[in-house]
Amino acid sequence: MSASRSSNRRALPAMAAVAGLALAALVAGPAPAAGAGSAGPGPREVLFVGNNWEGTADVLASTGDLAKVGRIDMVPDKEERLREIYLNPVKLAYFLGVRATAGEGHDQFVDDMYTTPDGSAVVASRPSFADVVSIDVRTGRVNWRFPVAGYRADHMAVSPDGTRVAISASTANTVHVLDIASGRQAGSFTTGDKPHENTYTRDGRFLWNSSIGDVTSALDAPWLDWTKGDRKITVVDAQTFRPVRVIDMRARLDAFGRSDLSDAVRPMSFAPDESKLYFQVSFFNGFVEYDVAADRITRIKTLPQNPATSTDRTTWVNDSRHHGMSMSPDGAKLCIAGTMDDYVTVVDRATLEQGPLVPAAKPYWATVDGDGSGCVISESGADRVTAIDFATGAKRVSVPVGDHPQRVRIGHVPADWTGPAAR
């Protein structure tokens with residue numbers, strides 16, 4: 001009704017609004033006391049460190065002194081899982097196979113981890129149990145469990161919006177993509193042999209997976225590289241899971257004149273504008289720069305060899321020489337974990353000049369810290385994590401963690417969290 005036609009009519013909208021507020025108050029009940037029900041502080045940013053052989057995750061401050069915040073048991077259902085495995089001869093054979101090969105004589109209980117956006121749960125891949133679980137960070141109980149295809153779960157990636165998690169099922173040549181809250185599968189896609197690293201593009205439109213082939217055989221001589229299997233990068237649409245691009249690095253390496261290098265792509269990092277991809281490959285002490293649009297390798301950086309490192313390639317863990325890299329948020333520096341050479345170094349991306357070689361005991365991963373000023377590496381040979389300054393390349397701090405730390409990821413927990421409640 002028009003306000004110009006009647007003063008009574010002008011009053012009707014205001015009366016209706018008052019009536020609506022009164023009705024809402026009746027439905028909602030009494031108003032809370034001052035301060036009650038108000039939103040509390042948001043989730044706290046932390047670092048999750050997966051202690052693979054121990055089956056725990058240490059939770060540390062994401063910056064500064066990396067102070068310990070708490071610890072989570074990532075295998076609270078261990079006895080139940082072991083009963084299932086020992087009652088199934090096929091599962092038992094693979095379980096023992098993981099222990100004897102990739103596990104270096106140990107069970108692999110926690111490989112990769114991401115938290116839900118609200119910090120209420122941590123989702124982890126567990127290689128020896130061939131599954132992915134969500135664990136409530138307050139109670140320590142399993143929210144949901146997803147058995148992967150085949151007999152081993154590996155690296156993961158979380159979508160930029162935090163709602164989905166991708167997991168490599170390494171013996172099934174499959175990547176599963178799950179809803180992070182419910183554990184329900186949103187889709188899956190087929191990869192090359194032994195899918196490994198997963199990386200979402202910044203806008204979440206595409207998911208890149210690299211398959212690394214068989215890294216557990218002793219056929220490690222360069223002339224036997226063909227025995228390792230079908231290794232390639234598979235790029236899929238993150239909504240439909242249909243392949244949009246398949247990249248075989250063998251041809252690109254050959255074209256660059258490096259037919260001596262393996263085409264098994266390991267850890268990778270995109271430049272901030274995603275025009276360049278940097279990655280490590282099996283058996284190589286260095287990394288490769290790849291132009292995404294031009295579809296060609298543009299530079300290869302060889303890093304120093306540690307004279308103490310054995311030249312017997314069969315002694316290098318899972319065909320790794322260097323395994324672990326991260327890039328500073330501004331794209332200026334790369335942090336490189338020289339796994340078998342026992343050092344970490346920061347490399348200038350423009351010049352490819354490396355900084356000081358910081359001694360480290362079998363560094364296995366590298367992650368940018370909370371404020372982006374440094375990287376944090378896992379020293380799997382010393383059961384600690386170490387922060388390295390991007391600007392200087394110098395070591396900042398080292399802190400002890402559990403048995404055989406591997407993946408280190410930024411995550412969140414509730415602001416008041418200090419560990420799961422005792423049960």
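The second largest pocket in this predicted model has a volume of about 430 Å³, and of the 29 residues that line it, those closest to its centre are Ala102, Arg152, Ser170, Val215 and Thr216. If we ask which elements supply at least two residues each to that lining, we find α3, which spans residues 89-100, together with β8, β12 and β28. Among these, α3 gives the most to the lining of the second largest pocket, namely three residues. By class, the lining of this second largest pocket has seven nonpolar residues, 14 polar ones and eight charged ones.

Let me set beside that the largest pocket, whose volume is about 1,200 Å³. There are 38 residues lining the largest pocket, and the closest to its centre are Tyr114, Val158, Thr199, Tyr200 and Arg409. The elements giving two or more residues to the lining of the largest pocket are strands β4 (112-115), β8 (153-158), β12 (195-200), β16 (265-270), β20 (325-327), β24 (363-368) and β28 (405-413). Which of these elements provides the largest share of the lining of the largest pocket? That is β28, from which five residues come. As to composition, the lining of the largest pocket divides into 19 nonpolar, 13 polar and six charged residues.

I would like to follow some of these strands outward, starting with β12, which gives at least two residues to the lining of the second largest pocket and two or more to that of the largest pocket. β12 belongs to an open sheet of four strands, in the order β12-β13-β14-β15, with antiparallel pairing. In this sheet β12 and β15, the latter covering residues 243-247, stand at the edges with a single partner strand each, so that one side of each is left without a neighbour in the sheet. On average, and ignoring direction, neighbouring strands of this sheet are turned by 20° against each other. At the β15 end, strand β14, residues 233-237, is joined to β15 by four bridges, and the two run antiparallel; here Thr234 stands opposite Val246 in β15.

Next comes β16, another of the elements that contribute to the lining of the largest pocket. Is β16 largely enclosed or left open by the rest of the structure? Six of the six residues of β16 are buried, and it is therefore largely enclosed by the rest of the structure. Four bridges join β16 to strand β17, residues 276-281, and these two strands run antiparallel, with Met268 standing opposite Phe279 in β17. The hairpin of β16 and β17 has five residues between the strands, and in that hairpin Glu274 takes a positive phi near 60°.

The third strand to follow is β24, which also gives two or more residues to the lining of the largest pocket. It is part of an open sheet of four strands, ordered β24-β25-β26-β27 and paired in the antiparallel sense. Here β24 and β27, residues 395-400, are the edge strands, each having a single partner strand, so one side of each is left without a neighbour in the sheet. Neighbouring strands of this sheet are turned by 20° against each other on average, direction again ignored. Within the sheet, β25 pairs with strand β26, residues 384-389, over six bridges and in the antiparallel sense, and Glu379 stands opposite Arg384 in β26.

Strand β25 also brings us to the disulfide, and a search of the whole structure finds one. Its partners are Cys335 and Cys375, whose sulfur atoms lie 2.1 Å apart. This pair links distant parts of the chain, since Cys335 sits in strand β21, residues 333-338, and Cys375 in β25, residues 374-379, with the two positions 40 residues apart in numbering. The torsion about the S-S bond of Cys335 and Cys375 is about 45°, so the disulfide is right-handed. Are these two cysteines buried or exposed? Both Cys335 and Cys375 are buried.

To place these parts in the whole, the secondary structure of the protein comes to four helices and 28 strands. The C-alpha atoms fill a box of roughly 90 × 50 × 45 Å, taken along the principal axes, and of the 423 residues of the protein, 53% count as buried.

Technical notes:
Residues numbered from 1 in each chain as written. Predicted model: local features only at pLDDT ≥ 70, side-chain atom pairs only at ≥ 80, totals over all residues. Heavy atoms only, no water. Disulfide = S-S within 2.5 Å. Buried < 20%, exposed > 50% of the residue type's maximum accessible area, 1.4 Å probe, protein only. 1 Å grid on protein atoms, 1.4 Å probe; cavity = no way out; pocket = protein on both sides within 12 Å on 5 of 7 lines; lining within 4 Å. Points joined across faces, edges and corners; volume = space filled by probe spheres on them. Nonpolar A, V, L, I, M, F, W, Y, C, P; charged D, E, K, R; others polar. Pairing = 2+ DSSP bridges. Axes fitted to C-alpha atoms, helices over the stretch in contact; angles between N-to-C directions.
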